[in-house]
Amino acid sequence: MSTAAKPLLLFFWSERSGPARRMESLLAHLTRKERTRLRVMRIDIETQADLAERLGVSEVPTLVLVKDKHVVARLEGRASAPKIEGMLAQHLAAAVA
């Protein structure tokens, strides 16, 4: 499978956001666990404000799932592993098929 075919999970965070910093280890684990089916990219909302604005991100942390150049899912605020995995489940299953 080519890297381009993998869904991309954008993790919008900020150094000043306690909830976002607490989610970092969770996202690092998810990145390792799903490395063959998912790409994960950290986006600092303070240095990439234009991208955050284009995607309508107003809360940190926010997770935005992009597939085939379209936003297909999002989670705003601090999220647990089961909640993130639930959001990803249908999109990752399709990526393997």
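Start with the loop between strand 3 and strand 4, where you'll find Asp-68. In this predicted model, Asp-68 has a positive phi of about 55°, although it is not a glycine. Lys-69 lies in that loop between strand 3 and strand 4 too, and its phi is near 65°, again a positive value in a residue other than glycine. How open is this spot to the outside? Asp-68 has 62% relative accessibility and so counts as exposed, and Lys-69 is exposed as well, with a relative accessible area of 81%.

Another backbone detail turns up in the loop between helix 2 and strand 3, where Pro-61 lies. The peptide bond that joins Val-60 and Pro-61 is cis, with omega about 0°.

Now for the inside. The largest nonpolar core has 17 residues, and the ones that touch the most other members are Leu-9, Leu-27, Leu-63, Ile-84, Met-87 and Leu-88. Which elements give two or more residues to this core? They are strand 1 (8–13), helix 1 (18–33), strand 3 (62–67), strand 4 (70–76) and helix 3 (81–96). Leu-9 is a good place to look around: leaving aside residues up to four places away in sequence, its contacts include Leu-27, Leu-30, Leu-38, Val-40, Leu-63, Met-87 and Leu-88. Arg-39 is also among the residues that Leu-9 touches. Apart from this core lies another one, of 10 residues, among them Leu-8, Phe-12, Ile-43 and Val-66.

Next come the charged side chains. A search of the whole structure finds 5 salt bridges, and the table shows some of them.

| Positive residue | Negative residue | N to O distance |
|---|---|---|
| Arg-16 | Glu-46 | 2.9 Å |
| Arg-42 | Glu-24 | 2.4 Å |
| Lys-33 | Glu-85 | 2.9 Å |

Take the pair of Arg-16 and Glu-46, which meet in a salt bridge. Arg-16 sits in the loop between strand 1 and helix 1, while Glu-46 sits in the loop between strand 2 and helix 2 (49–54), so the pair ties together parts that are 30 residues apart in sequence. With 71% relative accessibility, Arg-16 counts as exposed, whereas Glu-46 is partly exposed at 43%.

Then there's the salt bridge of Arg-42 with Glu-24. Because Arg-42 lies in strand 2 and Glu-24 in helix 1, this pair ties together parts that are 18 residues apart in sequence. Arg-42 is partly exposed at 46% relative accessibility, and Glu-24 is partly exposed at 23%.

As for Lys-33 and Glu-85, whose side chains also meet in a salt bridge, they link distant parts of the chain: Lys-33 is in helix 1 and Glu-85 in helix 3, 52 residues apart. Lys-33 counts as partly exposed at 47% relative accessibility, and Glu-85 is partly exposed with a relative accessible area of 31%.

Arg-42 is worth a second visit. What does its charged end sit over? The ring of Trp-13, 4.0 Å from the ring's centre. As for rings paired with other rings, the structure holds 0 aromatic pairs.

Finally, have a look at Asp-44, which is found in strand 2 (residues 39–44). Asp-44 is buried yet has no salt bridge. Which side chain of opposite charge is nearest to Asp-44? That would be Arg-42, at 6.6 Å. A salt bridge needs the nitrogen and oxygen within 4 Å. Not counting residues up to four places away in sequence, Asp-44 touches Trp-13 and Ser-14.

Key
Residues numbered from 1 in each chain as written. Predicted model: local features only at pLDDT ≥ 70, side-chain atom pairs only at ≥ 80, totals over all residues. Heavy atoms only, no water. Phe/Tyr/Trp six-rings, centres within 6.5 Å; stacked < 30°, edge-to-face > 60°. Lys NZ or Arg CZ within 6 Å of the ring centre and 35° of its normal. Core = buried A, V, L, I, M, F, W, Y, C linked by side-chain atoms within 4.5 Å. Buried < 20%, exposed > 50% of the residue type's maximum accessible area, 1.4 Å probe, protein only. Helix = DSSP H or I, 4+ residues; strand = E, 2+ residues; numbered from the N terminus. Contact = heavy atoms within 4.5 Å. Lys, Arg positive; Asp, Glu negative; His and termini not counted.
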